[in-house]
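Here is a short set of exercises with worked solutions, so keep your viewer open. Try each task yourself before you read on.

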Amino acid sequence: MLLVYLTLGLIIGVISPVFFDGIERKLKAYLQSRIGPPITQTLYDLLKLINKEVKPIHTTPFIVLYLLSFISSTLASILMVEIYVYTGESLYITLGLSLLAISLTSLTIAPLLVPNPFSYAGGMREVVLALINESAFIVSVTMYISLINNLLQTEALSIPLVLSVITITITMFVSGYALTGRAPFDIAEAEPELASGILVEFSGKLLAAYLYCNLLKRFLITLITAGVITAPLIKHSVFSLATTFVLTVLLWIVFAVISVTLGRSRVDLAPKTLAKTYILFISLSITGLLVHAYG
Amino acid sequence: MNFIRKAVKPAELLIIAGKTKRVTVKYPFEKPILSPEFRGSIEINHEKCIGCGACVNACPPNALEFVESSDKRTLRYNIGRCIFCWRCIDVCPVNAITGTRNFELATNDPLDLYSYIVHSKTKCTSCSKTGETVKMRKYIMQRSPVTENYINNCPDCRREKFINALSVRKVGFVAK
Amino acid sequence: MPSKLESIKKSIWVFHLNTGSCNACDIEILDALTPFHDAERFGVKLVGTPRHADAILLTGPTTLEALPKVINAIEASPRPRILIALGSCGSSGGIWHDTYSTIGGVNSLLKILKERGVDVDAIYYIPGCPVRPEAVLYAIALIKGIVEKRVKSVVLNAE
Amino acid sequence: MLMDRNHIIQEYISLAKSLNGNVTIDNDTLHIIIPKESLVEIADKLFNKYQCDFRTCIGVDERPVNGYFSMTYVFTDNRNSLYLLIKTYIDSLNPSTPSIMKVVPAVDWCEMEARDLLGIEFTDREQYKLVLPPGWPDNVYPLRKEVPYNYRPLLRGTSEKISPSTELGVIPIGPYHPALHEPEYFELYVEGERVIDVKYRGFHVHRGIEKLAETRMTYQQVNFLAERICGICGFEHSTCYALAVEKAAKLDVPERAQYIRSIILEVERIHSHLLWLGVAFHVVGYDAGFMHMWRIREKIMYLAELLTGSRKTYGINLIGGVRKDINEDKKQKTLETLRELEKEFRELIEIAINVPQVKKRLSGTGLLPKEDAVKFSVEGPVARASGVNKDARRDQPYAAYKYTSFKVPVYTEGDNMARALVRINEIFESISIIEQLLDKIPRGPIMLEDFDIPEGKIGVQVVEAPRGGDVHFVITGHGKPYRWRVRAPTYNNIPALKIMLKDQPLADAPLTIASIDPCFSCTDRILVIRENGKREWLRITTGV
């Protein structure tokens, strides 16, 4: 039975990001007072790109390799997160997070292989952001799981612990949001100054693959955030899987709405602000935990 | 308090978006927003046009041009070059040109952009040179007291006849 | 290659090249994407690099200075690609059709492209000075086959 | 005031006389003909001592008339509403004249333009090719009268290949970007993410306008040509041209026509500033702001179409008046639209300017100190944001501006935020100007019937476009202008970008470039590796 659910989950994981993106575009359009493209537009875009000619770059084979490694590790990671949600075993989320680290690394490296100044500049920006966000995200997710389990196990309500959970939840959301590469943090693509930056040289199938990888990345990160929120709260296996998916959609929508109201940040501003926020919130959370444990 | 208000100010955009709702006009499924004054492509009435060339002279981008051949004068209108200023409408002496509000002019065939009005040219009765268009001559004859004989000649022949007539009157013969 | 062009009909990504136009068309193109007209509902998107483009929008009579870059941009876009000549300048040189520093519209450009062996799968002309956003939408609808072509050449006898 | 003005005119006259100059006064214009040896001195005095504003310089091929080339330098005395035209004759066999660049740095480009187009050499300065495309044959100067306007040389080697470069520190920035004007190409040298040097190559849109006007066109046709110099502030250009010709021919244009011109000019200013704000938001990645700003702007576009018949390039200006009247119905509609617009704009701009990213990236970036602003003679909002208080609507009143009262917003910060604020304030001022004009508009004809334009007269006019002062200089000729020179404000503003871009983060470069409102952003230059392994730079520096 588990196998059926997992296969189903994986198929959803493979297909749904494309439609989620469609929903996001529709929503953005609504907030900009217009109709917007149909929900299936992203699918059309990708299908069209697959039919187009690829303008070769001499590093194409390496890029394809990295993208393949990204896709395989991402799918494995999605699987791990689903198993975690289904079973509640924290071993699987640990595996999922380490796979996430691998997949993010491959995706970050790919644009650096393109011999173009825009792509290079964009790639470097991506690296800077990834360095900060990835670690913050992984740390906050792990901490969140242990803290929330701790909170659920304590009989009496401990205010320092609650505060600690709240701060770490915020960190998790912020770093997750930043990792999805939405509005203030889409500086790697930064169309006006970098001519689509990391995407500049990709064309045809390669572009389709890269864009799809980005959507998959968004999905995985949203799924992890949704998963770690649901899993400790809802123990029933299939139901918790379904809830996770619903929550993923909701989170995706919330992220989309936030991204509409903000502008693009700058590469020297974004990491600074992010680092400050993370250090503040994580240390607050640790303090809360310490106060709870020894206070 | 002020700080918080400033921090959430960007979110007020959502309120504006909610207030304005969708403003998109679903053209081409709906009618476009077009003001009554809009200047679109022009239409030349081939029955009224006399081929005088006033519009050709006035047209800033040479979208209206004469294509000449030995016995035809063709007024060619190139929509692809037209700047929709309607100066031709201002200057047309016979009101043959009318403005429309049509802007749906896209095409994938460059030949679609041209339209033609073919005029026959008049022949000089003396020397068989061709001159202005037939309709232009009719227009002039209706409006000015010149004899048909006079106008049926080309300007060169006219001048020659005039000089000849003058010399006949003054000296009694035509100098060769 | 009609079947190949079929594939880009549902999602037309456009790279916009100003080849010496006065900007009126350029801002109207942008206007076509904004709420009142919203070309994105047809799957149209402006992209930042010719590598992503399905359609190259030309606005302007193609100045000599811009010519090599125009050719490069068209060459850099993957096939199938279509060319859209926008406005009276793009379609046939407009008010500048015979000045010393332009080549006068898309027709001369096509000749040069042919000499260089750069193929284009289809060409669309959108007259207008400047082109209305609705005219841009009409052209998109024409490419997608939603509307019929309305303009056609007529030869009339005056007499 | 009048005493003062007469006094200053006398001072200018004695200055010219002391340098062997010849002065004639024509209303608000002082024509000073000076030998070329005294050129530098008089330019120095006017620019540095009397603080006149340098506008442009014009090279004219007068050989068919008197056998000489001539250079005319246009200065304006903004406090006394005076135009000063310094003219010098240059020998046609050996056309060379001293450059005034040492004393007036802003003259740089227009001298080089005269060199490119007329073949006049300038001594005491570095000379380079500016306007004409690379590969243009030597000794062909398009603005010389003997060269036909449709002369097209055979250009060779049109593909621009740069030697293989591994430098990743060069970021090409050029204009293909939505909503930008002239295609321009900037090469930014960056260190990490900081710009350390800028190189510029522009004039991708050199279309031969001036030559066209003096050959194929007639007086009335040039109005439509002038409108197509720029698609965003075209009406300023056609008004400026019409006013310059009317000044040269001393035509008395009906008041109603002047009012209508002013109204449309302000409508255009509102649309242009809204456009700029939208584009600025887009450049900082705030797309929702961009969309909503343009949604508001659509009302103005509809209004423009209602008043003139076209959304852009209105085509209602002719020499002697305008072609379309404003009736009572349109007046009501205009007032209604403006009221709605003002309300919505106020609401939206407050939100947009408070978006943290927008605020942070606008403030403190793209600094232009006042000294540099004066040195480069920058125009419009760029000047006013750097504390230079000039506005041709107030300083050289034209059309119907003398019947209105308005504030000229001036900020001293000189950063991108100040430039944005100048534009925001100007939108409100423009709305109020239109309301005043509609209130006071007199009855009467809108077109001057029957007039002729004498030959050989000179008219010069400055019109305050949304981006700064447009300068049009006309020498009348037979049925068409003998010489028509146009100077758009961006021409003076771009050289100032070098100062504004230096030591800025790369991310703000497009914003800063956009802030002078040629609002262009970037270009691609793509390095492709050909199948044969050859490396080659593709420069796609064209675009908006």
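**Exercise 1. What share of the 295 residues of chain A counts as buried?**

Solution. Step one is the count: 58% of the 295 residues of chain A are buried, where buried means under 20% relative accessible area, exposed over 50%, and partly exposed in between (1.4 Å probe, protein chains only). Before going further, note that the model is predicted, that local features need pLDDT of at least 70, that side-chain atom pairs count only at pLDDT 80 or more, and that totals for chains, interfaces and linings use all residues. Residues are numbered from 1 along each chain as its sequence is written, chains are lettered from A and ligands numbered from 1 in the order in which they are written, and side-chain values use heavy atoms, with hydrogens and water left out.

Step two is the surface. Chain A has an accessible surface of about 11100 Å², and carbon and sulfur atoms account for 77% of that area; the areas come from the Shrake-Rupley method with a 1.4 Å probe, and for residues only the protein chains shown count as cover.

**Exercise 2. Describe the fold and dimensions of chain A.**

Solution. Begin with the secondary structure: chain A has ten helices and zero strands. Here helices (H or I, at least four residues) and strands (E, at least two) are DSSP runs, numbered from the N terminus.

Next, take the dimensions. The C-alpha trace of chain A spans about 65 × 50 × 40 Å along its principal axes. The radius of gyration of chain A is 19 Å, which agrees with the value near 19 Å for a compact globule of 295 residues; the radius is taken over C-alpha atoms, and the globule rule is 2.2 Å times the number of residues to the power 0.38.

Finally, look at the contacts, meaning heavy atoms within 4.5 Å. In chain A, 79% of the contacts between residues at least 6 apart in sequence join residues at least 24 apart.

**Exercise 3. Place Thr74(A) and Pro271(A) in their surroundings.**

Solution. Thr74(A) sits in helix H3 (residues 60-87) of chain A. Its relative accessibility is 0%, so Thr74(A) counts as buried. Setting aside neighbours within four places in sequence, Thr74(A) is in contact with Ser103(A), Leu216(A) and Leu220(A).

Now move to Pro271(A), which belongs to helix H10 (residues 270-294). Pro271(A) is buried because its relative accessibility is 10%. With neighbours within four places again left out, Pro271(A) is in contact with Val128(A), Ile132(A) and Arg266(A).

**Exercise 4. How many helices and strands are there in chain C, and where does Lys45(C) lie?**

Solution. Count the elements: chain C holds six helices and six strands. In order from the N terminus they run α-β-α-β-β-α-β-α-α-β-α-β. The radius of gyration of chain C is 15 Å, close to the 15 Å that the globule rule gives for 159 residues, so chain C is as compact as a globular protein of that length. Of these 159 residues, 79% are buried.

Then find Lys45(C) in strand E2 (residues 45-46). At 30% relative accessibility, Lys45(C) is partly exposed. Not counting residues up to four places away in sequence, Lys45(C) touches Arg25(A) as well as Ile12(C), Trp13(C) and Val14(C).

**Exercise 5. Which residues does a cis peptide bond join in chain C?**

Solution. The bond joins Cys129(C) and Pro130(C), with omega about -10 degrees. Pro130(C) is in the loop between strand E5 (122-126) and helix H6 (133-144). In chain B, the peptide bond from Tyr27(B) to Pro28(B) is also cis, with omega near 5 degrees.

**Exercise 6. Is Arg384(D) buried or exposed, and which side chain does it join in a polar contact?**

Solution. First, locate Arg384(D) in helix H13 (residues 380-385) of chain D. Its relative accessible area is 0%, so Arg384(D) is buried. The partner is Glu464(D), whose side chain makes a polar contact of 3.0 Å with that of Arg384(D). Such a contact is a pair of N or O atoms within 3.5 Å; within protein, one must be able to donate a hydrogen and the other to accept it, and residues adjacent in sequence count only if both atoms are side-chain atoms.
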